[in-house]
Amino acid sequence: MTKTFAIAAGFAVVFAAVGVHAQQVTGTVESHLAAAKKAAGTQFTALQERVCEAALPAPAPAGRGGGGGGRQAGPPPASQWHAEPAKVFDNLYFVGMTEYSAWALTTSQGIIVIDTIYDYSVEDEVVNGLKKLGLNPADIKYALVSHAHTDHIGGAKYLQDHFGTRVVMSKEDWDFADRTVPERIRPKRDIEAKDGDKLTLGDTTITMHLTPGHTPGTVSSIYDVKDRGTRHTVATWGGTTIQGGKPETFLAYIASAERYKPIVKKSGADIILSNHTAYDNTNANIAALRTRKPGDPHPYVIGNAAILRYLTTAEECAKAGFLAASALAASTSR
């Protein structure tokens, strides 16, 4: 059986320094922090706390994960990060770690892995995890990397080298990887995703949207899954915290959120997935799936309005961060 690949050009998206859209962020740091907390409610507390914390110009507490991509010298023991794989939907499987997610989307012509976690964990979690689930890792045709931090791109070279997996990432993040990812784990440059491109394998299509802010070319995506035969739509937010603390980075992030929200609304997405388990409540959701009975709701299916609140939470944290960073820049330039 031959596989098909379609990557169709979409609309170009460009975010220049300090805002092509001449955005105006009004209000105060406190008002946007309050808006983020309100949008999060009790459903997205971890998201709100971590993103707002990372956005403000203060040192983050030691030992907290959040997508910066760094790690200690040498791999930590598996007891600190190993998670068992799980079937989450008819055609979507969790093959990630306790804190970092990787997803395997099965199609009629092979598997698409979404994010590849670390170089030290990819064999244990993705390769052996697929085997435990009765799937063949040799069927991994594509790895879609949301962004080029080593907690998400780290395993891509392993998949490339062992299975001939094609690696998909934005041009901006391929360039970013050339500057930041160690050569020993850096995959060779492969497919460059543009805004609006579609990755099609067999009966399944992922639409990719460039949402810079976390990295220069973060990719968020939209695709369908099935739960006991019923179709649902997944939205992802490809990079969550705001890195670097520069006002123009916050503006890029805000612009990405404002642009992505109507895309998510139009798609009808009723599932939000993250590449960090805390943000989409993955650990609790997978635990709930183990005891789910016929007729019970699916814990990941939360509705379109909730997903928009998720994105609003992140956006409001970014607005608070922009105002704080701008004030800090003004005070230090005097």
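**Two sheets and the helices packed on them**

Tutor: Let's start with one pair of residues: V234 stands opposite I271 in strand 12. Keep in mind that this is a predicted model.

Student: Okay, how do strands of a sheet pair?

Tutor: In general, they pair through backbone hydrogen bonds, and the pairing can be parallel or antiparallel. Here, strand 11 (residues 230–236) and strand 12 pair in the parallel sense, over 3 bridges.

Student: In what order do the strands of that open sheet of 5 come?

Tutor: The order is 8-9-10-11-12, and the pairing is mixed. At the edges you'll find strand 8 (198–201) and strand 12 (271–273), each of which pairs on one side only. Going from one strand to the next, the twist averages 25°.

Student: Which strands does helix 7 lie across?

Tutor: Look at strand 9 (204–210), strand 10 (219–227) and strand 11: helix 7 lies across these, and runs at about 15° to strand 10.

Student: Now a helix pair. How do the axes of helix 7 and helix 9 cross?

Tutor: Find helix 7 at residues 247–267 and helix 9 at residues 304–332; their axes come within 9 Å and cross at roughly 165°. An angle over 145 counts as roughly antiparallel, so that is how helix 7 sits relative to helix 9. The crossing of the two is left-handed. If you sort the residues in the contact of helix 7 with helix 9 by class, you get 15 nonpolar, 4 polar and 5 charged.

Student: On to the open sheet of 7 strands. What is its order?

Tutor: Strand numbers simply run 1-2-3-4-5-6-7 across it, again with mixed pairing.

Student: And why is one side of strand 1 and of strand 7 left without a neighbour in the sheet?

Tutor: Because strand 1 (86–89) and strand 7 (191–193) stand at the edges, where each has a single partner strand. As for twist, neighbouring strands of this sheet are turned by 25° against each other on average, ignoring direction.

Student: In which sense do strand 2 and strand 3 pair, parallel or antiparallel?

Tutor: Antiparallel: strand 2 (residues 92–94) and strand 3 (residues 103–107) are joined over 3 bridges. To spot it, find Y93, which stands opposite A104 in strand 3.

Student: Which helices should I look for on this sheet?

Tutor: One of them is helix 6 (residues 171–180), lying across strand 6 (166–170) and strand 7 and running at about 100° to strand 6. Helix 8 (residues 282–290) also packs on the sheet, where it touches strand 1, strand 2 and strand 3. Its direction makes about 90° with that of strand 1.

Note on methods:
Residues are numbered from 1 along each chain as its sequence is written. This is a predicted model: local features need pLDDT of at least 70, side-chain atom pairs count only at pLDDT 80 or more; totals for chains, interfaces and linings use all residues. Side-chain values use heavy atoms; hydrogens and water are left out. Axes are lines fitted to C-alpha atoms, for helices over the stretch in contact, and angles run from 0 to 180 degrees between N-to-C directions. Helices (H or I, at least four residues) and strands (E, at least two) are DSSP runs, numbered from the N terminus. Angles under 35 degrees count as roughly parallel, over 145 as roughly antiparallel, 65 to 115 as roughly perpendicular and the rest as oblique. A crossing is left-handed if the near helix is turned anticlockwise from the far one by less than a right angle, and right-handed if clockwise. Ala, Val, Leu, Ile, Met, Phe, Trp, Tyr, Cys and Pro count as nonpolar, Asp, Glu, Lys and Arg as charged, and the others, Gly among them, as polar. Two strands pair if DSSP finds at least two bridges between them. Contact means heavy atoms within 4.5 Å.
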